[in-house]
Amino acid sequence: MIMKIKIFPFLFIAVIIASWLMPAFFIINGFYPVYKKPLFDIASFLNASYQNAFEKYLTHKLPSLPNLLVMKNDIYEILNFGQYHSGYNGKIAQGKNGILFEKNYLICSWGYTTGKKLEKLAKETAGKLDILQNLLARRGIPLILAMAPSKVDFFSEHAPWQYTARELGPMIGSAIAGPIHEKFMKNRHVPFVDCYAPVASAGQGKEAFPDRGIHWTMYGAGVCLRALSQKLHELDPGKFPLLEIDGISKTSEARYGENDMAELMNIWPAYKRGRDYYYLADFKKISRSLNFVFQGDSFMLLLAANMELSGYSTHEMITLFDNRMPSREEFIQSLEHTDALILIGNATKFVQPYFREIAEKLISYLEADQTDPGKN
Amino acid sequence: MVFSSPFFISVFFPCLLVFYVAAGSHFRNMVLLVFSMLFYAWGEPKALPVMLAVILLNYCAALALSRQTYGSRFFIFGIIANLCILFFFKYLDFIVQNINLLLSAPGARLLPEPHIPLPIGISFYIFQAMSYLIDVYRGQVPVQKSLFRFALYISLFPQLVAGPIVRYSSVANDLGRRGFVAANFQEGLIRFCIGLAKKVFIADSLGYVADCIFDSQVNSLPCLWAWCGAIAFALQIYYDFSAYSDMAIGIGKMFNFTFPENFNFPYAARSIRDFWRRWHMSLTAWLKDYLYIPLGGSRRSFATTCRNILIVLLCCGMWHGASWNFAIWGLYNGLGLAGERILGRISKNWADNNPCLLLKRLHRTFTILFILIGWVIFRTETLDSCVLYIKIMFLGNPDHSFYSLPIVWENCLTYSNAIFLIIALVFSQPLKNVTFTSVYKSLSLQIGVFLLFVASYAFLMTTDYSPFLYFRF
């Protein structure tokens, strides 16, 4: 009797309608591309680019998209037995004890490059940064290169087996890339801050990295800001005060992307059992409001947040080029009232010619700039 | 647009269902035609005039050839015109590139390359149109006097861009006024959902593995992973294409059309000949009826039969694309089929139904190996990399241990992909009591299919990686 009722089509339609009407139970802002409504014109319609853009715009408007994303990640979690999680478009890996890693860090730590290749790269990068430093010196702007610590260096024993169970030579992470770069930067007198060292020497890897995120805690970035302020202080003690950390405080409120990935991947249950604390650096407050231009990635966002908390700078006085190359006009304009240019990247950027290429581009901007005070 | 795109599932398909069900039986064909044109134009508006021209050309040619006077002339004109259109859009670039390669001596004047974009699905709808013309000429089907119905036959969206190649005779009656049969609607929808799940879970997961391996440097491949890549691609292309066929047949059934089956467990084949009876059946049937038999089939001398097989398989390879690897793949299969015939002549035991179990097993193993190598030829981009890949499969890679794991593949070697690989292997063979009919009859299996649909929908809406291999043919 029951088979006479054709229920399947109704269920099918119900799923489609629900996906358009059901509100999102999760927030995925910032982790999914936001597409703008495309403007219609005949040319873009004929080459189907309008249709492609419209499809993306419309399907990303689906209210229940976050629910579907979480459902997908849950299925992956089950299929991978919770041991090797591959979510966030395959960029995140879950290691032992549920520790999350961004795969790029794991790749750069094992087998991405060799020590020799890295030395060659560091030497070339130092050469280019030296030229950039000299061009900036004409404007009275110091340059600093900084390397963010890698979570893999502190939690290597938790890395997924796929990365560690291979015979590809020793691990190369920030622990190795830092000293190599430091050597070559020193030869060229390019100020370099290896943020691995201060975190490692304090033995505070646990406090510097959240288990449930792939980034850093505010404390981890705070320790690095302290090291950075020390380098700036060495360059110009009158202009750049030395920041001091008074202590460390604990909070159960995740901010600054500390729980971003756990939230996105819906792997709360593993984290609800304890490990609910995030760490903040307590700075001795100053009020200096220095101007900085940052060229870098997600780590600089945390550094900038710490700068604001410590009173070292303010939101308005920091220019951030977040994972993008500024245009020539943008860059030259940003240098006008700047106290320092800081190039900063995570360990993955130091095993690629990332900073060499950035230096080349910025050199070309400065060499082409007619307002250069040293030009005449 | 493809069936496994978020836009199709969440917008286009529901809108079509609403309009189709709301329209009375008088207007259902109208709704289908409008949505078919929209479906095609949405993905490639520039190619729409080509399809409309093919519709008009074949409609007029069939009407003209059905008259007594000069009928055969119109028939020849229609066939040549169809082949010219196909040649112009699909093969002209390839021919010019190869002529330029031959002329590439210093100082030689090269021909300008036309760079003609390939209209989506042209190989499918041209073959359908040609089958119609030939059948009308042979008197096997009556001429369709309604341009509207003929346009619907050619442009019917479920089979428009990736088949199956539907003969006019199999849908001629359905093109008239059709009723709405709830059971067919439900069964079609279930088949569509099964196809979608096959595509999203199995074909895409295996595609990820195959892409990882085939896109890496061939000389860095360890032996184990070369085999893994070949198996993954063999399963990917089967599940990808058969999933699309399932979706097409399912949608057709929802609207009361009966499309031919396209696959019958090809990897359960006992011989190469058996494989070609089970793989892309609508294409092989087309080639058999309209090329192999007119060439003489197997009714003439043994040498002529072998020649015919080689010609047909070469055409089959080239149908897949204008590229040397498709031509070589076709010839390779042709040689395999011809070789099997020669062996069959030498030894009666080397036949499909030989009585010796050991020989049977050997033959089947050889068939699977033969097919796998064929897919390596199909998938690799250059002849050099193809030869090297096959060499590594059988002789190993001296620079790498059998199983060493290159780090760049960390994304594809997950438990989930391994699970899907096992599922794909299991379901590539016929299983007792697991058929579409058993799903249609069992409520619990239907609930399972529904849950699969929900999961596929979640994957589809949130994943960017969903290539469809046969779309480009």
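Me: About how much surface does chain B expose, and what share of it do carbon and sulfur atoms supply?
Reply: Keep in mind that we're looking at a predicted model here. Chain B exposes about 19900 Å². The share of this area supplied by carbon and sulfur atoms is 67%.

Me: And what does the accessible surface of chain A come to, and what part belongs to carbon and sulfur atoms?
Reply: For chain A the accessible surface comes to about 17200 Å². The part of it that belongs to carbon and sulfur atoms is 56%.

Me: How many helices and strands does each chain have?
Reply: Chain A comes to 18 helices and 10 strands. Chain B, on the other hand, comes to 19 helices, and its strand count is 0.

Me: What percentage of the residues is buried in each chain?
Reply: To count as buried, a residue needs a relative accessible area under 20%. In chain A, with its 376 residues, the buried part is 53%. In chain B, with its 473 residues, the buried part is 57%.

Me: Among contacts between residues at least 6 apart in sequence, what percentage joins residues at least 24 apart?
Reply: Let's take the chains one by one. In chain A, contacts joining residues at least 24 apart make up 77% of that set. In chain B the figure is 76%.

Me: The axes of H2(B) and H6(B) come within 10 Å, so how are these helices oriented to each other: parallel, antiparallel, perpendicular or oblique?
Reply: H2 covers residues 28-43 of chain B and H6 covers residues 147-155. Their axes cross at roughly 50°. Angles under 35 degrees would be roughly parallel and 65 to 115 roughly perpendicular, so this crossing fits neither. That makes H2(B) and H6(B) oblique.

Me: Is the crossing of H2(B) and H6(B) left-handed or right-handed, and which residues of H6(B) make the contact?
Reply: The crossing is left-handed. On the H2(B) side, the contact uses Asn29(B), Met30(B), Leu32(B), Leu33(B), Ser36(B) and Met37(B). On the H6(B) side, it uses Phe148(B), Ala151(B), Leu152(B) and Ser155(B).

Me: How do the residues in that contact of H2(B) with H6(B) divide by class?
Reply: There are no charged residues in it. The rest of the contact of H2(B) with H6(B) divides into 3 polar and 7 nonpolar.

Me: What about H12(B) and H13(B): how are they oriented to each other?
Reply: H12 runs over residues 281-292 and H13 over residues 302-319, and their axes come within 11 Å. They cross at roughly 130°. An angle over 145 degrees would be roughly antiparallel and 65 to 115 roughly perpendicular, so this one falls outside both ranges. H12(B) and H13(B) are therefore oblique.

Me: What is the handedness of that crossing, and how many nonpolar residues does the contact of H12(B) with H13(B) have?
Reply: H12(B) passes H13(B) in a right-handed crossing. The contact includes Leu283(B) and Leu287(B) from H12(B), plus Ile309(B) and Trp319(B) from H13(B). By class there are no charged residues, 2 polar ones and a nonpolar count of 9.

Me: Leu291(B) is in helix H12, so how far is it from Cys315(B) in space?
Reply: Leu291(B) is partly exposed, at a relative accessible area of 21%. Leaving out residues up to four places away, it touches Trp286(B), Val312(B) and Cys315(B). Leu291(B) and Cys315(B) are 24 residues apart in sequence, and their C-alpha to C-alpha distance is 9.3 Å.

Me: And how far apart in space are Leu425(B) and Leu235(B)?
Reply: Leu425(B) sits in helix H17, residues 415-427 of chain B. With a relative accessible area of 42%, Leu425(B) is partly exposed. Along the sequence, Leu425(B) and Leu235(B) are 190 residues apart, but C-alpha to C-alpha the distance is 7.6 Å.

Me: Is Ser205(B) buried or exposed?
Reply: Ser205(B) has its place in helix H9 of chain B, residues 182-214. Beyond its neighbours within four places, Ser205(B) is in contact with Val200(B), Asn417(B) and Phe420(B). Its relative accessibility is 7%, so Ser205(B) counts as buried.

Me: Phi is positive in His189(A), so is this residue buried or exposed?
Reply: Phi of His189(A) is near 60°. His189(A) is in the loop between helix H9 and strand S5 of chain A. At 65% relative accessibility, it counts as exposed.

Me: What is phi of Phe265(B) near?
Reply: Phe265(B) lies in the loop between helix H10 and helix H11 of chain B. At 26% relative accessibility, Phe265(B) counts as partly exposed. Phi is positive here, in a residue other than glycine, and its value is near 50°.

Technical notes. Residues are numbered from 1 along each chain as its sequence is written. Chains are lettered from A and ligands numbered from 1 in the order in which they are written. This is a predicted model: local features need pLDDT of at least 70, side-chain atom pairs count only at pLDDT 80 or more; totals for chains, interfaces and linings use all residues. Side-chain values use heavy atoms; hydrogens and water are left out. Axes are lines fitted to C-alpha atoms, for helices over the stretch in contact, and angles run from 0 to 180 degrees between N-to-C directions. Helices (H or I, at least four residues) and strands (E, at least two) are DSSP runs, numbered from the N terminus. A crossing is left-handed if the near helix is turned anticlockwise from the far one by less than a right angle, and right-handed if clockwise. Contact means heavy atoms within 4.5 Å. Ala, Val, Leu, Ile, Met, Phe, Trp, Tyr, Cys and Pro count as nonpolar, Asp, Glu, Lys and Arg as charged, and the others, Gly among them, as polar. Buried means under 20% relative accessible area, exposed over 50%, partly exposed in between (1.4 Å probe, protein chains only). Accessible areas come from the Shrake-Rupley method with a 1.4 Å probe; for residues, only the protein chains shown count as cover.
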